[in-house]
2 protein chains.
Amino acid sequence: MSEKIYRTIISIDCMGGDLGEQEVLKGIIEAYKKNNSLFFIIHGSGTKLPKLLIKQKILLGAFKYIEADSIVSMSDKPSQALRKGRNTTMWNALTCVSNGEAEVAISCGNTGALMAMSMMKLKKLNGINRPAIAVLWPSTNIRGFNILLDAGADIKADAQDLCQYALMGVSYAKSGFNIANPRVGILNIGTEVHKGSSELLKAADIIDNLSSIFGFKFIGYVEGDDIPSSKIDVIVTDGFTGNIALKTGEGTAKLVRTLFKETFNNSLMAKIASLIAFKNLKNLRKRIDPRRVNGGVFLGLNGTIVKSHGAADAIGISAAITLASKLSKNNFQKNLENKIFQINNLKKF
Amino acid sequence: MSEKIYRTIISIDCMGGDLGEQEVLKGIIEAYKKNNSLFFIIHGSGTKLPKLLIKQKILLGAFKYIEADSIVSMSDKPSQALRKGRNTTMWNALTCVSNGEAEVAISCGNTGALMAMSMMKLKKLNGINRPAIAVLWPSTNIRGFNILLDAGADIKADAQDLCQYALMGVSYAKSGFNIANPRVGILNIGTEVHKGSSELLKAADIIDNLSSIFGFKFIGYVEGDDIPSSKIDVIVTDGFTGNIALKTGEGTAKLVRTLFKETFNNSLMAKIASLIAFKNLKNLRKRIDPRRVNGGVFLGLNGTIVKSHGAADAIGISAAITLASKLSKNNFQKNLENKIFQINNLKKF
């Protein structure tokens with residue numbers, strides 16, 4: 001057997017991130033240093049990236065470069081991105097997954113465009129009604145984050161969709177983060193069993209029944225303030241609610257940053273204190289921003305797509321690559337397909 | 001004319017708050033010192049409050065005390081509270097509004113129980129489908145907060161309900177906080193006009209048409225991260241989404257508090273810094289907790305009910321009383337009734 005068989009092949013769109021392709025490249029090198037069984041299909045546009053790549057001796061033999069005519073920008077609407085379509089680095093990155101060349105694709109470009117293109121290129125997994133975006137949410141859990149889905153792939157979800165989200169979240173927690181027996185809850189406006197819409201009641205019933213079959217613990221309903229807590233690992237909700245919650249968390253974190261600055265600027269003593277604790281405060285600011293825990297994942301498609309945050313730096317990109325390679329190594333996609341096949345064959349579903 | 005005619009009469013349930021009736025009494029005295037045209041109908045249970053009241057010479061002639069057999073506790077479910085019903089301080093406080101003795105009632109007890117009892121005692125305003133809870137949300141606006149409704153009175157809202165929420169929010173912003181031309185937005189998962197459910201699209205259309213008639217500015221869709229921003233005054237959403245957003249904000253604030261403690265405990269320098277900036281940090285912690293901006297208001301009933309936070313201290317209670325008296329003085333309830341009457345008679349609605 002040749003060496004290549006053991007390699008995890010990652011297709012990575014280097015364009016569209018806030019910090020430019022050079023930062024994505026730094027992240028690739030960072031990740032490769034930690035794990036030299038990785039092979040990258042690098043997608044770029046323009047002359048800058050090829051010039052930088054030539055200089056990276058460490059990556060020799062560990063990548064292939066594919067040039068595209070244009071890129072999807074942060075301001076492109078999904079419809080515009082689809083029109084640009086096949087001439088973009090994003091499209092090419094997804095093509096490598098759809099044609100089986102790579103096991104997973106990564107992009108730090110525009111989320112809406114990436115979801116629309118992924119749906120078109122990879123299609124929904126057989127049996128899945130609605131794909132979902134799973135995000136990592138800062139929490140007091142030992143890992144430092146929880147998993148929430150759907151964070152906005154779709155605006156609706158019925159009971160069956162919510163059950164599929166639960167199973168996708170469980171697969172992700174197991175393959176991505178080695179959580180053996182994930183605790184799963186449904187986001188609701190109260191923890192009493194009679195609360196919420198009839199779809200939530202139905203979903204709770206089915207998910208409870210599935211828990212012993214698929215090896216997770218159903219903890220029932222949770223509320224918004226439980227999302228960052230240590231009592232749960234996977235939070236299930238529809239994409240409208242999940243997106244509002246995520247953005248509200250981001251907004252609260254942003255408000256805190258603004259008030260932080262005011263607090264440490266409004267007296268001399270406070271200014272001195274902030275200088276003393278500068279590094280600690282900087283770390284704190286990073287931790288409370290939900291976007292900083294990098295790597296949202298698109299679930300329920302024929303292929304795994306990792307969406308890195310647009311503002312991700314090299315460390316963030318490297319974390320997203322490590323997550324992607326872990327999902328690939330643990331046969332995440334295959335396991336997920338099996339689970340979906342299995343529940344679609346269960347009579348009670 | 002006798003002096004009493006000019007008095008604002010406030011019915012206040014002193015029981016059920018986390019800090020006890022003595023803290024509520026402190027809040028009453030605080031508010032009375034600022035405005036001695038207030039008259040209080042004080043509702044208590046047990047011997048403690050009457051004993052404390054006798055000692056308060058400053059309140060002589062400014063209150064009436066009404067005794068109840070029992071109280072609604074924080075752990076009582078709405079159904080349990082309704083069963084206890086007429087023997088509780090909460091019930092009595094609402095009775096004073098329903099029989100016209102007081103213009104507004106205040107309670108820092110259990111929200112669910114208070115809403116259920118208010119619905120039973122005061123009934124919905126003629127023409128209102130769903131009453132709403134309006135909360136004050138910490139923001140970078142000049143006032144330090146924005147108004148969000150519905151925060152959880154109901155789990156659903158159709159286009160017509162959302163329009164009524166918009167008008168109720170506008171009335172509240174004008175009467176409660178003197179915002180002449182409030183900026184109103186609908187919470188959604190994107191700001192593009194085509195985004196969101198058909199109910200949101202319909203609501204946006206109607207609210208836009210109402211803006212010139214009722215003197216507000218419709219700014220369209222806003223996202224979760226706009227809730228604490230300075231670009232908006234009134235955020236309109238259904239009670240499910242509003243409650244999830246509110247609790248998520250609370251959870252984020254709680255996470256920040258936890259991480260704060262860790263940050264300032266993990267090095268000697270950071271500990272020193274936290275001692276230097278102790279007061280500033282304490283103030284910051286208070287500001288980022290959405291619950292600390294005191295005074296949620298129940299809108300759309302035959303009478304105004306101010307829900308003070310369960311953990312409110314004397315300053316919080318005093319703020320809630322000041323808000324209640326302001327609403328009363330500005331004829332908030334009457335103005336709101338007129339607005340609802342007016343839109344129900346508009347052809348296009």
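**Colleague's note: a two-chain predicted model**

1. Let me start with strand E2 (residues 38-44) of chain A, which is mostly covered: six of its seven residues are buried. By "buried" I mean that 20 or more other C-beta atoms lie within 10 Å of the residue's own; 12 or fewer makes a residue exposed, anything in between is partly exposed, and the C-beta atoms are placed from the backbone. Strands here (E, at least two residues) and helices (H or I, at least four) are DSSP runs, numbered from the N terminus.

2. Some bookkeeping before going on. This is a predicted model, where local features need pLDDT of at least 70, side-chain atom pairs count only at pLDDT 80 or more, and totals for chains, interfaces and linings use all residues. Residues are numbered from 1 along each chain as its sequence is written, while chains are lettered from A and ligands numbered from 1 in the order in which they are written.

3. Back to E2(A). Strand E1 (residues 8-13) of chain A runs parallel to E2(A), and six bridges join the two. Ile9(A) has Phe39(A) as its bridge partner in E2(A). Chain B has six bridges between its parallel strands E1 (residues 8-13) and E2 (residues 38-44), and there Ser11(B) is paired with Ile41(B) in E2(B).

4. Zooming out to the sheet of chain A: it is open, has 11 strands with mixed pairing, and its order is E3-E2-E1-E4-E11-E10-E5-E6-E9-E7-E8. Pairing takes at least two DSSP bridges between two strands. At the edges are strand E3 (63-67) and strand E8 (217-222) of chain A, each pairing on one side only. On average, neighbouring strands are turned by 25 degrees against each other, direction ignored. For the angles in this note, axes are lines fitted to C-alpha atoms (for helices, over the stretch in contact), and values run from 0 to 180 degrees between N-to-C directions.

5. Further along that sheet, strand E6 (residues 145-149) and strand E9 (residues 234-236) of chain A run parallel and are joined by three bridges. Leu148(A) is the residue opposite Ile235(A) in E9(A). A spot to check by eye follows: Leu149(A) and Asp150(A) are joined by a cis peptide bond, with omega about 0 degrees. Asp150(A) sits in the loop between E6 and H6 of chain A. In chain B, a cis peptide bond with omega of about 0 degrees joins Leu149(B) and Asp150(B).

6. The helix after that loop, H6 (residues 159-177) of chain A, has 19 residues and spans 26 Å from first C-alpha to last, close to the 27 Å expected at 1.5 Å a residue; the expected span is 1.5 Å times one less than the number of residues. Most of H6(A) is covered, with 16 of its 19 residues buried. Asn178(A) follows H6(A) and has a positive phi, near 55 degrees.

7. Where does helix H5 (residues 111-122) of chain A lie? Helix H5(A) lies across strand E4 (104-107), strand E10 (296-299) and E11 of chain A, running at about 175 degrees to E11(A). Val306(A) is in E11 (residues 304-307) of chain A and counts as buried, with 25 C-beta neighbours inside 10 Å. Val306(A) and Ile133(A) are 173 residues apart in sequence, yet 9.5 Å apart C-alpha to C-alpha.

8. Another backbone oddity is Lys123(A), whose phi is positive, about 65 degrees, although it is not a glycine. Lys123(A) lies in the loop between H5 and strand E5 (132-138) of chain A. Lys123(A) is partly exposed, with 14 other C-beta atoms within 10 Å.

9. Now the dimer side of things. 47 residues of chain A are in contact with 47 residues of chain B, contact meaning C-beta atoms, placed from the backbone, within 7 Å. Helices H8 (239-263), H9 (268-276) and H10 (278-287) of chain A each supply at least two residues of the touching side, and H8(A) gives the most, with 20 residues. That side divides into 24 nonpolar, 16 polar and seven charged residues. Here Ala, Val, Leu, Ile, Met, Phe, Trp, Tyr, Cys and Pro count as nonpolar, Asp, Glu, Lys and Arg as charged, and the others, Gly among them, as polar.

10. Finally, symmetry. Chain A superposes on chain B by a rotation of 180 degrees with 0.0 Å of shift along the axis (RMSD 0.0 Å), which is the relation of a two-fold axis. The superposition is by least squares on C-alpha atoms of residues with pLDDT of at least 70 in both copies. Of chain A's residues, Ala273(A) comes closest to the rotation axis, at 2.1 Å (C-alpha). The copies meet through the same surface, because 100% of the interface residues of chain A are also interface residues in chain B.

Conventions: Contact = placed C-beta atoms within 7 Å.
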